[in-house]
Amino acid sequence: MLHLFTSLEFHTGLILVISLIFVLIYEIVNGFHDTANAVATVIYTRALRSQLAVAMSGVFNFLGVIMGGLSVAYSIVHLFPTDLLLNVNFSHGLAMMFSMLLAALLWNLGTWYFGLPASSSHTLIGAIIGIGLTNALVTDSSVMQALNIPKLIEIFISLIISPVIGLVLASAMVFLLRHYWSRTKKRRRIHLTPVEREKKDGKRKPPFWTRIALILSAAGVNFSHGANDGQKGIGLIMLVLIGVTPTGFVVNMNASGYDISRTSDAVNHLQKYYTQHHHAFIHVVGHEQAALIPSTPHASLDVLQAKDQVLVDQEEEALTQVFHCNVPRALFAINRVSLLLSNLESYNQLNSEQRSQVRRLLMCIADTADKVAKLPEIPATDKRFLADLCQDLLYTVEYAPMWIIIAVALALALGTMIGWRRVATTIGEKIGKKGMTYAQGLSAQMTAAVSIGVASYTGMPVSTTHVLSSAVTGTMLVDGGGVQGKTVQNILIAWVLTLPVAIVLAGSLYWLSLKLI
């Protein structure tokens with residue numbers, strides 16, 4: 001890690017350290033804000049003592065971050081439009097990061113203080129929206145282009161549907177347990193609360209196999225949370241590093257020759273695909289631009305530039321810091337990046353500006369290939385082919401060094417262990433009118449673990465808070481004598497307010513910081 005500071009000026013290194021500390025603090029707050037939900041059920045069903053439950057939560061959150069991959073991390077990053085990610089300057093980039101993180105921290109700490117299970121995911125996404133909208137207003141650009149709208153819609157759908165799924169599945173599971181797992185006295189014990197079991201059997205802990213299931217499902221929730229929420233911190237740190245020290249992080253400097261050739265091959269395959277499917281893009285790029293697609297996959301830049309002055313203009317733009325990404329420019333970018341990657345064994349062979357060019361061009365090529373794959377006339381086999389190519393194109397761009405993953409995992413695990421009690425009390429005691437039964441805790445945990453795990457695998461950021469609190473609410477409605485209206489009302493208010501408050505707070509902080517720059 002120390003090599004990061006060797007070529008940096010003092011003030012730049014200081015800014016980098018402060019930025020990284022901010023991100024890690026955000027993850028610590030995320031830990032004791034969000035994962036309190038994951039330990040609540042296992043504590044209030046007496047499956048584990050609170051100390052053991054919190055320690056287990058920290059361990060499995062750590063493992064979830066380490067093994068969770070990076071798909072969710074870059075789903076968050078790509079909420080920003082590609083042009084903004086490509087062209088943001090140093091000072092604006094820092095203002096963007098600090099405003100986003102400060103807004104998220106302030107709202108998360110406020111809701112945690114009052115014991116409200118609000119969503120860190122909603123807070124972060126709201127902050128990103130606020131930054132994007134404010135940037136559009138400041139730069140007099142289109143508000144519709146301020147954010148990656150398709151990606152934003154996907155994430156919104158995920159965030160809205162996931163709590164509903166949690167409520168319905170948990171309700172269905174506890175209903176099935178009540179009606180189809182209660183035919184013997186021994187099985188009916190799963191529907192007791194710890195207080196009821198103590199009165200009946202003189203024991204407060206759940207039956208052995210029920211306890212094992214509760215512990216395993218709690219471990220699953222924590223692992224899934226680490227795999228989903230931990231990745232957001234990884235994405236934020238990568239944004240900081242690329243913005244502050246692009247020379248070392250704009251592409252994966254540890255990429256092998258094989259990794260680079262994999263990306264280069266993807267570029268060549270995409271070029272061949274465009275050449276063979278020339279007709280499919282006419283209505284997207286226009287007849288004149290479609291005519292610029294080379295008829296041979298390895299046409300030189302000199303030949304291409306001779307075909308039309310537009311290509312010369314695009315080449316000049318591609319070599320500048322401001323490169324606006326669209327399909328016609330991506331067609332040209334393919335040829336430019338092919339030359340940069342040709343016979344390249346290591347990114348150390350490129351200078352700093354060339355590495356930045358590679359990142360900008362690959363991001364543009366992948367972004368437009370993804371848009372092309374969504375055209376209605378593209379067959380399903382081609383869609384899968386283009387999706388695979390996009391993964392290979394970004395293989396050395398969407399990455400994270402292991403020390404970053406470990407740092408985020410430790411921060412999340414630490415946060416889990418120090419501030420869990422406030423929100424856990426709300427989940428365990430204040431949602432239902434009666435105490436939580438073993439069946440309710442098990443149903444809520446298994447639903448949350450599966451739902452969040454699937455979301456992490458598909459690269460969709462979801463809210464652990466909302467999934468689990470909705471699942472607990474569903475079990476209480478079906479099998480717990482109802483819910484406490486005031487608590488549910490407060491949770492819903494926090495849910496509704498999180499996004500607009502984060503948007504306004506982050507946008508205001510960003511606007512103020514730009515005025516001070």
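**Core and helix packing**

In this predicted model, L270 touches I334, I365, A369, L386, L389 and L393, leaving aside neighbours within four places in sequence.

Colleague: What makes these count as contacts of L270?

Modeller: Contact means heavy atoms within 4.5 Å. I334, I365, A369, L386, L389 and L393 are in contact with L270 on that basis.

Colleague: Which residues have the most contacts inside the largest nonpolar core?

Modeller: L270, Y347 and V358. That core has 88 residues. Helix α5, residues 90–113, gives the most to it, with 10 residues.

Colleague: Why are α10 and α19 called oblique to each other?

Modeller: Helix α10 (residues 208–244) and helix α19 (residues 402–418) pack at an angle of about 125°. Roughly perpendicular covers 65 to 115 degrees, and roughly antiparallel needs over 145. The angle falls in neither class, so the pair is oblique. The axes are 9 Å apart, and the crossing is right-handed.

Colleague: What makes up the contact of α10 with α19, by class?

Modeller: Nine nonpolar residues, four polar and no charged. From α10 come H225, G226, G230, G233, I234, I237, M238 and L241. From α19 come W403, I404, I405, V408 and L412. Gly counts as polar, and G226, G230 and G233 are among the α10 residues here.

Colleague: How many charged residues are in the contact of α21 with α22?

Modeller: One, alongside eight nonpolar and six polar. Asp counts as charged, and D479 of α22 is in this contact. The axes of α21 (residues 438–458) and α22 (residues 464–479) come within 9 Å and cross at roughly 145°. This crossing is right-handed.

Methods: Residues are numbered from 1 along each chain as its sequence is written. This is a predicted model: local features need pLDDT of at least 70, side-chain atom pairs count only at pLDDT 80 or more; totals for chains, interfaces and linings use all residues. Side-chain values use heavy atoms; hydrogens and water are left out. Axes are lines fitted to C-alpha atoms, for helices over the stretch in contact, and angles run from 0 to 180 degrees between N-to-C directions. Helices (H or I, at least four residues) and strands (E, at least two) are DSSP runs, numbered from the N terminus. A crossing is left-handed if the near helix is turned anticlockwise from the far one by less than a right angle, and right-handed if clockwise. A nonpolar core is a set of buried Ala, Val, Leu, Ile, Met, Phe, Trp, Tyr and Cys residues joined through side-chain atoms within 4.5 Å. Buried means under 20% relative accessible area, exposed over 50%, partly exposed in between (1.4 Å probe, protein chains only). Angles under 35 degrees count as roughly parallel, over 145 as roughly antiparallel, 65 to 115 as roughly perpendicular and the rest as oblique.
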